[in-house]
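User: Hi! Could you walk me through this one while I have it open? I'd like to begin with the ligand site.

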Amino acid sequence: MNESPKTSVEMRDVCLAFDEKEVLTGVSLTVPTLSRLVVLGQSGSGKSTLLRLILGLLKPTRGEITFNGLKVTRMGRLRLNRMRRKIGMVYQYSALISSLSVRDNLALPLEELTTKSREEIDHLVDEKLKLVGMADARDKMPAELSGGMRKRIGLARGIIMDPELILYDEPTAGLDPVISAVIDELIISLSEKIGATSIIVTHEMGSAFKVATHMAMLYKGKIIASDSPEAFKASTDPVVAQFIAGDTQGPILNATPS
Ligand SMILES: Nc1ncnc2c1ncn2[C@@H]1O[C@H](COP(=O)(O)OP(=O)(O)OP(=O)(O)O)[C@@H](O)[C@H]1O
Ligand SMILES: [Mg+2]
């Protein structure tokens, strides 16, 4: 029954500049279907930008990006919208709409993008809330929730359309260790339960090694390493080793862009 291509996302020599500032200078990356790829990189290295490029929210100045073999970089608005239904995005700050209840926040994409009935939508909302252990929060407003709870709701919203690909931007940043561990386990179980490929941007090493099946390091606008977590742990590349160890000594700080 598995008809999806072996590669979920492929980036080939992707460059992106904002005005004069070159953020990505030739990113090449292959994301195998059903993998959980963790992208490591310093603050400001372009990790969120990478996710926005995959969603087609930004166009690269050069290079090509494909999703399921289709060229994102060549898609018009209609095809982009169709593609985005298959991609769930979990934002760093949850990005819930504060004037809507948890139920309505989750229902929104289903109401806008599908013809499902209210009953069907309610059923899907409940199902996803249960998956993230937040069934009781259904009728709450975002302001009534803690940061960790909001994050879990953001996660439930990210998977409401049963996406084939889930993009996580710093899913555990700023959370206590226990909630972080809960989120890590959710990332793993969701990818297995709904059969999704995951790309996770993080600089929390504990989380990274727990969830990753594959790892990549973004540095100075390029992917300088892409390998298994075991290979990353044993890496002798000075940049990778310094980043993983969180050392102050090494090439990274010396090379911080101006
Ligand atoms: N819309 C934009 N216009 C101009 N510059 C931008 C824009 N978005 C991002 N940048 C710049 O691109 C660079 C990369 O930003 P990005 O948000 O992708 O970094 P990041 O790796 O996600 O960082 P962090 O870990 O802090 O979230 C930064 O220097 C940022 O200032
Ligand atoms: Mg970011």
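**Around the ligand**

Analyst: Happy to. The residues in the shell around ligand 1 split into 8 polar, 4 charged and 2 nonpolar. Keep in mind that this is a predicted model.

User: Thanks! Which residues come nearest to ligand 1?

Analyst: Of the 14 residues around ligand 1, the nearest are Ser43, Gly44, Lys47, Ser48 and Thr49.

User: What about polar contacts, say for the side chain of Lys47?

Analyst: An N or O atom in the Lys47 side chain sits 2.7 Å from an oxygen atom of ligand 1. For the side chain of Ser48, an N or O atom is 2.9 Å from a ligand 1 oxygen. Gly46 takes part through its backbone, with an N or O atom 2.9 Å from an oxygen atom of ligand 1.

User: Nice. How much of the accessible area of ligand 1 does the protein cover?

Analyst: On its own, ligand 1 has 630 Å² of accessible area, and the protein covers 64% of that.

User: And which elements give two or more residues to the shell?

Analyst: Those are strand 2, residues 21-32, and helix 1, residues 47-54. Helix 1 provides the largest share of the shell, with 4 residues.

User: Let's move on to Ser45. Where is that one?

Analyst: Ser45 is in the loop between strand 3, which covers 36-41, and helix 1.

User: Is Ser45 buried or exposed?

Analyst: Ser45 has a relative accessible area of 10%, so it counts as buried, the cut-off being under 20%.

User: What does the Ser45 side chain pair with?

Analyst: A polar atom of the Ser45 side chain lies 2.6 Å from the backbone oxygen of Gln42. Leaving out residues up to four places away in sequence, Ser45 also touches Val23, Leu24 and Leu218.

User: Changing topic: I was checking backbone angles. What is phi for Leu34?

Analyst: Phi of Leu34 is near 75°, a positive value in a residue other than glycine. For background, most residues other than glycine have a negative phi.

User: Where does Leu34 sit, then?

Analyst: Leu34 is in the loop between strand 2 and strand 3. Its relative accessibility is 44%, so Leu34 counts as partly exposed, a class that runs between 20% and 50%.

User: And Asn68, what is its phi?

Analyst: Asn68 has a positive phi too, of about 50°, although it is not a glycine. Its place is the loop between strand 4 (62-67) and strand 5 (70-71).

User: Buried or exposed, that Asn68?

Analyst: Asn68 counts as buried because its relative accessible area is 19%, and the class takes values under 20%.

User: Got it. Now, further along the chain, which helix holds Gln242?

Analyst: Gln242 belongs to helix 9, which spans residues 238-245. With 5% relative accessibility, Gln242 is buried.

User: What is Gln242 in contact with?

Analyst: Setting aside neighbours within four places in sequence, Gln242 is in contact with Asp247, Thr248, Gln249, Gly250, Pro251, Ile252 and Leu253.

User: Last topic, the overall layout. How is the protein divided into domains?

Analyst: Domain 1 is made of 1-83 + 180-258, and domain 2 is 87-162. Their C-alpha centres lie 25 Å apart.

User: How many residues does each domain give to the contact?

Analyst: The contact takes 11 residues from domain 1 and 9 residues from domain 2.

User: Great, thanks for the tour!

How values were computed. Residues numbered from 1 in each chain as written. Chains lettered and ligands numbered in written order. Predicted model: local features only at pLDDT ≥ 70, side-chain atom pairs only at ≥ 80, totals over all residues. Heavy atoms only, no water. Near = heavy atom within 4 Å. Polar contact = N/O pair within 3.5 Å; in protein donor to acceptor, adjacent residues only side chain to side chain. Areas by Shrake-Rupley, 256 points an atom, 1.4 Å probe, with all protein chains shown as cover. Nonpolar A, V, L, I, M, F, W, Y, C, P; charged D, E, K, R; others polar. Buried < 20%, exposed > 50% of the residue type's maximum accessible area, 1.4 Å probe, protein only. Contact = heavy atoms within 4.5 Å. Domains from an automatic or database assignment.
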